Amino acid sequence: SDTVRAPIVLAGCAPDHLATMLPEDRRAAFLEPYAHRDRSLTLMMASFLLDRPGTELGITAYSTVLIPGWMTGLKDLRPAAALAADAPGARMPGMTVVDYGQIDAGLPGQGPAPVSATMLDRLDNWQGRPEAEYRAHKERWLAAIVATLDAEWPRFAGAVRFADLATARTMAHYLGTPDGALYGFAPRPPPRPG
């Protein structure tokens, strides 16, 4: 392997990954400024190809936020992210549904534009499961999401030609982000004056 020395290094990866590329004696000092920072949230996203445009099913906007009745404030976001640890039940997380057919998204291909449903997730909802159990758990959640969308827009379930669920584990694997953190570090409120 080659060693390259530079006064400044710009990297587009998570600090945790960059640290593994540094000499061992430099890693701790490099990671120290990040040690107190919480990681951002992660998501799961169901993607759907339909046999007709979403508008024919009653979807009237590019983006629709579905908030279940049990969620009454910001305090409910953390419990919503933990729901996928168990089988779907009476409580579903809030979700943002996007109908890409509502705008000129520039997506190639024939047929109606895709629709997606995105919700909060946590990597530990999916980690440690044997592969067959992981896939079965994913399918149960995908079915529950379809049922939620069908309750909002009757005939949605019957219009689904293809569906897939990208979980927090998917995000961590394909994006290489620690804990599947999609946005790097969690935002912090600015310090209070005074």
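In strand β4, the residue that bridges to T42 is D121. This pair is part of the contact between β1 (residues 42–50) and β4, which run antiparallel to one another over seven bridges. The model is a predicted one, and the strands make a handy way into it. β4 is mostly covered, with seven of its seven residues buried.

On from β1, the next pairing to look at is the one between β3 and β4 (residues 115–121), again antiparallel, this time over four bridges. Here V98 finds its bridge partner in S116 of β4. V98 also serves as the β3 bridge partner of S63, a link that belongs to the pairing of β2 (residues 63–66) with β3, which is antiparallel and spans four bridges. V98 is thus tied to S63 in one pairing and to S116 in another. As for cover, four of the five residues of β3 (residues 95–99) are buried, so this strand is largely enclosed by the rest of the structure. As background for reading these strands, side chains in a regular strand alternate between the two faces of the sheet.

Stepping back to the whole chain, there are six helices and five strands. Taken in sequence order, they give the pattern α-α-β-β-α-β-β-α-α-β-α. The C-alpha atoms fit a box of roughly 60 × 45 × 45 Å along the principal axes. Of the 194 residues, 34% come out as buried. The contacts lean heavily on distant stretches of sequence: among those between residues at least 6 apart, 76% join residues at least 24 apart. On the outside, the protein chain exposes about 12300 Å², and carbon and sulfur atoms supply 56% of that area. There are 19 positive and 21 negative charges, and their mean positions lie 4 Å apart.

Among the helices, α4 (residues 131–152) gets a closer look. Its 22 residues reach 32 Å from first C-alpha to last, close to the 32 Å expected at 1.5 Å a residue. The buried residues of α4 are Y134, H137, K138, W141, L142, A144, I145, V146 and L149. An α-helix has 3.6 residues a turn, so residues three or four places apart point the same way. That spacing can be followed in the buried set, for example from Y134 through H137 and K138 to W141.

Two of those α4 residues turn up again around T167. This residue belongs to the loop between β5 (160–166) and α6 (168–175), and T167 is buried, at a relative accessible area of 0%. Leaving aside residues up to four places away in sequence, T167 touches L43, M44, D121, W126, Y134 and K138. D121 in this list is the β4 residue that bridges to T42, while Y134 and K138 are among the buried residues of α4.

A159, in helix α5, is likewise buried, with a relative accessible area of 1%. With residues up to four places away in sequence set aside, the contacts of A159 are L49, L50, D51, R52 and L57. A159 and A87 are 72 residues apart in sequence, and their C-alpha atoms are 24 Å apart in space.

At the other end of the accessibility scale is P7, which sits in the segment before α1 (15–21). P7 counts as exposed, at 86% relative accessibility. Between the C-alpha atoms of P7 and M95 there are 45 Å, for a separation of 88 residues along the chain.

Finally, the backbone has a couple of spots to flag. Most residues other than glycine have a negative phi. R155 has a phi near 85°, a positive value in a residue that is not glycine. R155 lies in the loop between α4 and α5 (156–159) and is partly exposed, with a relative accessible area of 48%. D179 also has a positive phi, near 60°, and is not a glycine either. D179 is found in the segment after α6 and is partly exposed as well, at a relative accessible area of 42%.

Notes
Residues numbered from 1 in each chain as written. Predicted model: local features only at pLDDT ≥ 70, side-chain atom pairs only at ≥ 80, totals over all residues. Heavy atoms only, no water. Buried < 20%, exposed > 50% of the residue type's maximum accessible area, 1.4 Å probe, protein only. Helix = DSSP H or I, 4+ residues; strand = E, 2+ residues; numbered from the N terminus. Pairing = 2+ DSSP bridges. Contact = heavy atoms within 4.5 Å. Areas by Shrake-Rupley, 256 points an atom, 1.4 Å probe, with all protein chains shown as cover. Lys, Arg positive; Asp, Glu negative; His and termini not counted. Charge placed at Lys NZ, Arg CZ, Asp CG, Glu CD. Expected span 1.5 Å × (residues − 1).
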